[in-house]
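Please describe the fold, the aromatic contacts and the buried cores of this protein. Keep it short and point to residues that can be found in the viewer.

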Amino acid sequence: MTNLPQFSRALLHPRYWGTWFGIGLLYLVTLLPYPVIYRVGRGLGQLAMRFMKHRVTITRRNLELAFPHKTAEEREYYLEKNFESVGLGLMETGMAWFWPTWRIRRWCDVSGVEHIHAVQEAKRGVLLIGIHFLTLELGARMFGMNTPGIGVYRPNDNPLLDWLQTWGRMRSNKSMIDRKDLKGMIRALKQGEIIWYAPDHDYGPRGSVFVPFFGVDEAATTAGTYTLARMSGAAIVPMVPRRKPDGKGYELLILPAEFSPPLETPESTAIWMNKIIEQCILMAPEQYMWLHRRFKTRPEGVPARY
């Protein structure tokens, strides 16, 4: 298993004081009543849209590529709501890391846990498809409170944030594993563990195949789902953590397990997986992480999309 970061006195060095200040401020905001947190988050998102012009451009382009059939007005509505969701996502990260369990349960509903139990009763590992919604951190906390698993993550370049995100995620899960540790993931799945895995981003040309995703015919998609499922025999279970309307809380939807995913080729698995991811995103499209350059990787010789 990945060696997880530990707290050390070096993290108290003055170079990290600015980060500590931000963490402290986020913690204090999470002490407020949730309706106030909700309004603060939306306001931050609206403010971010004014200053994060580059990310606004990326988000608008992603929406154009993904939803060419929608009108410009519809996509602009998604854009505005998505940036509100960005601000809320920051608040929800603090909630996931700092809120006590009783407070999470008060504002969050979970359905579909029986699908996880069905896989476990069959003595299979669970490849949990955790799509990059902006509610991702809170969704992982909700899931772990019911059925703890192992999260796949990318270590943060800032040692303090790396320690903090690991500490926060470990509040309700068993462990974390570096996304590059493929052997560790396969070993854990063979042992019947739950591995949280996100195959929806563009991770570059290495280990990717080009298959359809929303309105894009050749979207670089990781072949990791094919490799993990084929080599471990795990069942695949998608989950959707989404925000309820009007600040009424959250719900985590755990969808039925797929015990026999198509594993003929990496392409066939990726096509199938992308269709499931599309269905999940459409359950809360304005809450998805559209700021990421999802369609940046192109086949050789093909012009860039951004």
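The report below goes from the sheet to the aromatic pairs, then to the cores and a few single residues.

## Sheet and helix packing

This is a predicted model. Its open sheet has seven strands, in the order E1-E9-E8-E2-E5-E3-E4. The pairing is mixed. Strand E1 (108–111) and strand E4 (175–178) are the edges, and each of them pairs on one side only. From one strand to the next, the twist averages 25°.

Inside the sheet, strand E2 (residues 126–130) runs parallel to strand E5 (residues 194–197), and four bridges join the two. Look for Leu 128 here: Trp 196 in E5 stands opposite. Helix H4 (residues 72–98) lies across two strands, E8 (235–243) and E9 (250–254). The helix runs at about 110° to E8.

## Aromatic pairs

The model holds 17 aromatic pairs. In one of them, the ring centres of Tyr 34 and Trp 107 are 4.7 Å apart. Their planes meet at 45°, so this pair is tilted. Tyr 34 belongs to helix H2 (residues 34–51) and Trp 107 to helix H5 (residues 101–107). The two are 73 residues apart, so the pair links distant parts of the chain. Both Tyr 34 and Trp 107 are buried.

Phe 214 and Trp 290 make another tilted pair, with centres 6.1 Å apart and planes at 55°. Phe 214 sits in the loop between strand E6 (208–213) and strand E7 (216–222). Trp 290 sits in the segment after helix H11 (266–281). The pair therefore ties together parts that are 76 residues apart in sequence. Phe 214 and Trp 290 are buried.

Ring pairs also build a cluster, and Phe 214 and Trp 290 are among its members. The others are Phe 67, Tyr 78, Phe 133, Phe 213, Tyr 288 and Phe 295. Elsewhere, a charge meets a ring: the charged end of Arg 293 sits over Tyr 306, 5.8 Å from the ring centre.

## Nonpolar cores

The largest nonpolar core has 46 residues. Leu 127, Ile 131, Ile 281 and Trp 290 have the most contacts inside it. H11 gives this core its largest share, six residues. Trp 290 touches many residues beyond its sequence neighbours, including Ile 58, Thr 59, Asn 62, Leu 63, Ala 66 and Phe 67. Its contacts also include Asn 82, Phe 214, Ile 281 and Pro 285.

Another core, of 40 residues, lies apart from the largest one. Val 119, Leu 138, Met 142 and Phe 143 are among its residues. Three of these names come up again in H7, where Leu 138, Met 142 and Phe 143 are among the buried residues. Helix H7 (136–146) is mostly covered, with ten of its eleven residues buried. The buried set is not purely nonpolar: Glu 137 and Arg 141 are among its members.

## Two buried positions

Is Thr 135 buried or exposed? Thr 135 is buried, because its relative accessible area is 1% and the cut-off is under 20%. The residue sits in the loop between E2 and H7. Beyond its sequence neighbours, Thr 135 is in contact with Glu 92, Pro 241, Arg 242, Arg 243, Tyr 250 and Gln 287.

Ile 186 lies in helix H9 (residues 182–190). With a relative accessible area of 9%, Ile 186 is buried too. Leaving out residues up to four places away in sequence, Ile 186 touches Leu 228, Met 231 and Ser 232. The C-alpha atoms of Ile 186 and Ala 234 are 8.9 Å apart, while 48 residues separate the two in sequence.

## Two exposed loop residues

Lys 123 has a positive phi, near 60°, and is not a glycine. Its place is the loop between helix H6 (113–121) and E2. Relative accessibility is 73%, so Lys 123 counts as exposed.

Asp 246 also has a positive phi near 60°. This residue lies in the loop between E8 and E9. At 64% relative accessibility, Asp 246 counts as exposed.

Note on methods
Residues numbered from 1 in each chain as written. Predicted model: local features only at pLDDT ≥ 70, side-chain atom pairs only at ≥ 80, totals over all residues. Heavy atoms only, no water. Pairing = 2+ DSSP bridges. Axes fitted to C-alpha atoms, helices over the stretch in contact; angles between N-to-C directions. Contact = heavy atoms within 4.5 Å. Phe/Tyr/Trp six-rings, centres within 6.5 Å; stacked < 30°, edge-to-face > 60°. Buried < 20%, exposed > 50% of the residue type's maximum accessible area, 1.4 Å probe, protein only. Lys NZ or Arg CZ within 6 Å of the ring centre and 35° of its normal. Core = buried A, V, L, I, M, F, W, Y, C linked by side-chain atoms within 4.5 Å.
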